[in-house]
Amino acid sequence: ITVLLPEDVYHGVPSVLADVFNRHGITTRTVDYTDLCAISAALSEIEGSEDVIVWMETPSNPLCQVIDVAAVCKLVCSIS
């Protein structure tokens with residue numbers, strides 16, 4: 001399982017994923033969620049048979065970036 005994380009995400013999320021869930025085979029990858037092309041590229045680089053969790057928080061913490069949730073969901077659904 002790969003968790004796709006925004007570059008700007010609450011610091012506890014990647015910490016817990018790395019410190020706790022990594023030992024269970026869960027990996028993380030960060031990407032700029034304000035760039036749909038970057039999300040698409042990141043998703044296409046993940047092996048097709050692998051499960052992916054697309055983590056979103058909006059507005060982000062600490063920079064208060066706003067993710068276009070509908071556009072990200074549409075993109076993910078078009079790839080899967």
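Modeller: Two residues are in contact when heavy atoms of theirs lie within 4.5 Å of each other, and with that in hand we can read this predicted model, starting from helix 3.

Biologist: What covers the buried residues of helix 3?

Modeller: The cover includes helix 2, residues 36–45, and strand 3. The residues being covered are Ala 71, Val 72 and Leu 75, which are buried in helix 3, residues 69–79. Viewed along the axis of helix 3, the buried residues fall within an arc of 100°, and so they line one face of the helix. Ala 70, Lys 74 and Cys 77, on the other side of helix 3, are exposed.

Biologist: How should I read a single one of these residues, and is Leu 75 buried or exposed?

Modeller: Buried means under 20% relative accessible area; Leu 75 has a relative accessibility of 15% and therefore counts as buried. Leaving aside residues up to four places away in sequence, Leu 75 touches Leu 36, Ile 39 and Ser 40. Leu 75 and Ser 40 stand 35 residues apart in sequence, yet their C-alpha atoms are 7.2 Å apart in space.

Biologist: Which residues of helix 2 are buried?

Modeller: Ile 39, Ala 42 and Leu 43 are buried in helix 2. Around the axis they cover an arc of only 95°, which means that they sit on the same side of helix 2. The face turned away from this buried side carries Cys 37, Ser 44 and Glu 45, which are exposed. Strand 1, strand 2, strand 3 and helix 3 are included in what covers the buried residues of helix 2. At the N-terminal end, helix 2 is capped by Asp 35, with a side-chain oxygen 3.0 Å from the backbone nitrogen of Cys 37.

Biologist: Turning to the strands, how many bridges pair strand 1 with strand 2, and in what sense?

Modeller: Strand 1 and strand 2, the latter spanning residues 27–31, pair in the parallel sense over five bridges, and Leu 5 has Thr 30 as its bridge partner in strand 2. Between these strands the chain passes through helix 1, residues 12–21, in a β-α-β crossover that is right-handed. Strand 1 is also joined to strand 3, residues 52–54, by three bridges, and these two run parallel as well; there Thr 2 stands opposite Val 52.

Biologist: Which residues of strand 1 point one way and which the other?

Modeller: Thr 2, Leu 4 and Pro 6 point one way, while Val 3 and Leu 5 point the other way, and all are buried. Thr 2 counts as buried because its relative accessibility is 6%. The side chain of Thr 2 makes a polar contact of 3.1 Å with that of Thr 27. With residues up to four places away in sequence left out, Thr 2 touches Thr 27, Arg 29, Ile 46, Glu 50, Asp 51, Val 52 and Ile 53.

Biologist: How do I read a nonpolar core, and which residues make up the largest one?

Modeller: Such a core is a set of buried residues of nonpolar types joined through side-chain atoms within 4.5 Å. The largest has ten residues: Leu 4, Val 31, Tyr 33, Ile 39, Ala 42, Leu 43, Ile 46, Ile 67, Val 72 and Leu 75. Helix 2 and helix 3 are the elements that give two or more residues to this core, and helix 2 gives the most, with three. One member, Tyr 33, touches Leu 4, Leu 5, Pro 6, Ile 39, Val 54, Trp 55, Met 56 and Ile 67, not counting residues up to four places away in sequence. Another core, of six residues, lies apart from the largest one, and Val 3, Leu 5, Val 9 and Val 13 are among its members.

Biologist: Which residues do cis peptide bonds join?

Modeller: One cis peptide bond joins Thr 58 and Pro 59, with omega about -5°, and another joins Asn 61 and Pro 62, with omega about 20°. Pro 59 lies in the loop between strand 3 and helix 3, and Pro 62 is found in that loop too.

Biologist: What is phi of Cys 64, and where is that residue placed?

Modeller: Phi of Cys 64 is near 60°, a positive value in a residue other than glycine, and Cys 64 is placed in the loop between strand 3 and helix 3. Since exposed means over 50% relative accessible area, Cys 64, at 52% relative accessibility, counts as exposed.

How values were computed. Residues are numbered from 1 along each chain as its sequence is written. This is a predicted model: local features need pLDDT of at least 70, side-chain atom pairs count only at pLDDT 80 or more; totals for chains, interfaces and linings use all residues. Side-chain values use heavy atoms; hydrogens and water are left out. Buried means under 20% relative accessible area, exposed over 50%, partly exposed in between (1.4 Å probe, protein chains only). Helices (H or I, at least four residues) and strands (E, at least two) are DSSP runs, numbered from the N terminus. Two strands pair if DSSP finds at least two bridges between them. A crossover is right-handed if, with the strands pointing away from the viewer, the path from the first strand over the helix to the second runs clockwise. The arc is that of the directions from the helix axis to the C-beta atoms. A polar contact is a pair of N or O atoms within 3.5 Å; within protein, one must be able to donate a hydrogen and the other to accept it, and residues adjacent in sequence count only if both atoms are side-chain atoms.
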